[in-house]
Amino acid sequence: MNKFLFLLSSFSLATIALTIQSVAALTQAEKEMVVFGMITAVCEMHHENNLSYSIAKKYTNQYFYNANEKYLAKSELEFIKSTVLDIYPSCPFPK
């Protein structure tokens with residue numbers, strides 16, 4: 001069962017990475033939800049020990065960097081970060 005979850009988590013991350021190109025057509029609220037969902041998915045997989053700390057940190061760093069550069073303001077990202085940390089306190093986030 002754990003192997004299945006690991007494969008599912010890898011598939012989820014690959015799907016997210018491929019569909020991120022369509023984010024530009026979304027409204028601001030939808031962009032916030034997509035970024036929140038991607039980061040929450042990574043934190044959930046890390047929380048369930050399906051992603052190592054280093055891999056989870058790479059994903060959260062990349063999602064934050066891309067969202068900050070292209071889609072969301074720093075204040076919106078900080079709000080997402082604080083919300084996710086309320087749910088998953090051990091989630092690795094960029095400084």
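This is a guided tour of one protein chain, stop by stop. The model is predicted.

**Stop 1: the whole chain**

Start with everything shown as a cartoon. The protein chain has four helices and zero strands. Trace the chain along its sequence and the pattern reads α-α-α-α.

Now switch on the surface. The protein chain exposes about 6,000 Å². Carbon and sulfur atoms supply 63% of that area. How much of the chain is buried? Of its 95 residues, 34% count as buried.

Next, think about which parts of the sequence meet. Take the contacts with a separation of 6 or more. Residues 24 or more positions apart account for 69% of them. Several such meetings come up at later stops.

**Stop 2: helix H2**

Select residues 28-47. This is helix H2, with 20 residues. From its first C-alpha to its last, H2 reaches 28 Å. That is close to the 28 Å expected at 1.5 Å a residue.

Which residues of H2 are buried? Colour these: Lys-31, Val-35, Met-38, Ile-39, Thr-40, Val-42, Cys-43, Met-45 and His-46. Look at how they are placed along the helix. An α-helix has 3.6 residues a turn, so residues three or four places apart point the same way.

**Stop 3: Thr-40**

Stay in helix H2 and select Thr-40. Thr-40 counts as buried because its relative accessibility is 16%, and the cut-off for buried is under 20%.

Show the side chain of Thr-40. One of its polar atoms lies 2.6 Å from the backbone oxygen of Phe-36. Then look for partners beyond the neighbours within four places in sequence. Thr-40 is in contact with Val-84 and Tyr-88.

**Stop 4: Tyr-88**

Follow that contact to Tyr-88, in the segment after H4. Is Tyr-88 buried or exposed? At 12% relative accessibility, Tyr-88 counts as buried.

Put a distance label between the C-alpha atoms of Tyr-88 and Thr-40. They are separated by 8.3 Å, although the two residues are 48 apart along the chain. Now widen the selection around Tyr-88. Leaving aside neighbours within four places in sequence, Tyr-88 is in contact with Thr-40, Cys-43, Glu-44 and His-47.

**Stop 5: the disulfide**

One of those contacts, Cys-43, leads to the next stop. How many disulfides does a search of the whole structure find? It finds one. Select Cys-43 and Cys-91, the two residues it joins, with S to S at 1.8 Å. A disulfide is a covalent bond between the sulfur atoms of two cysteines.

Turn the view to look along the S-S bond. The angle about it is -60 degrees, and the link of Cys-43 and Cys-91 is left-handed. Cys-43 lies in helix H2, and Cys-91 lies in the segment after helix H4 (74-87), so the pair ties together parts that are 48 residues apart in sequence. Both Cys-43 and Cys-91 are buried.

**Stop 6: the aromatic pairs**

Show the aromatic side chains. A search of the whole structure finds two aromatic pairs. A pair of aromatic rings is described by the distance of the centres and the angle of the planes.

Select Tyr-59 and Tyr-63. Their ring centres are 6.0 Å apart and their planes stand at 40 degrees, so the pair is tilted. Both residues belong to helix H3 (residues 53-71). Being four residues apart there, Tyr-59 and Tyr-63 are separated by about one helical turn. Tyr-59 is partly exposed, with a relative accessible area of 28%. Tyr-63 counts as buried, at 8% relative accessibility.

Move on to Phe-64 and Phe-93. Here the ring centres are 5.4 Å apart and the planes stand at 80 degrees, so the pair is edge-to-face. Phe-64 lies in helix H3 and Phe-93 in the segment after H4, so the pair ties together parts that are 29 residues apart in sequence. Phe-64 and Phe-93 are both buried.

**Stop 7: Asn-49**

Finish just after H2, at Asn-49. This residue sits in the loop between H2 and H3. Why does Asn-49 count as exposed? Its relative accessibility is 67%, and exposed means over 50%.

Check the backbone too. Most residues other than glycine have a negative phi. Asn-49 is not a glycine, yet its phi is positive, at about 65 degrees.

Notes
Residues numbered from 1 in each chain as written. Predicted model: local features only at pLDDT ≥ 70, side-chain atom pairs only at ≥ 80, totals over all residues. Heavy atoms only, no water. Helix = DSSP H or I, 4+ residues; strand = E, 2+ residues; numbered from the N terminus. Buried < 20%, exposed > 50% of the residue type's maximum accessible area, 1.4 Å probe, protein only. Contact = heavy atoms within 4.5 Å. Areas by Shrake-Rupley, 256 points an atom, 1.4 Å probe, with all protein chains shown as cover. Expected span 1.5 Å × (residues − 1). Disulfide = S-S within 2.5 Å. Phe/Tyr/Trp six-rings, centres within 6.5 Å; stacked < 30°, edge-to-face > 60°. Polar contact = N/O pair within 3.5 Å; in protein donor to acceptor, adjacent residues only side chain to side chain.
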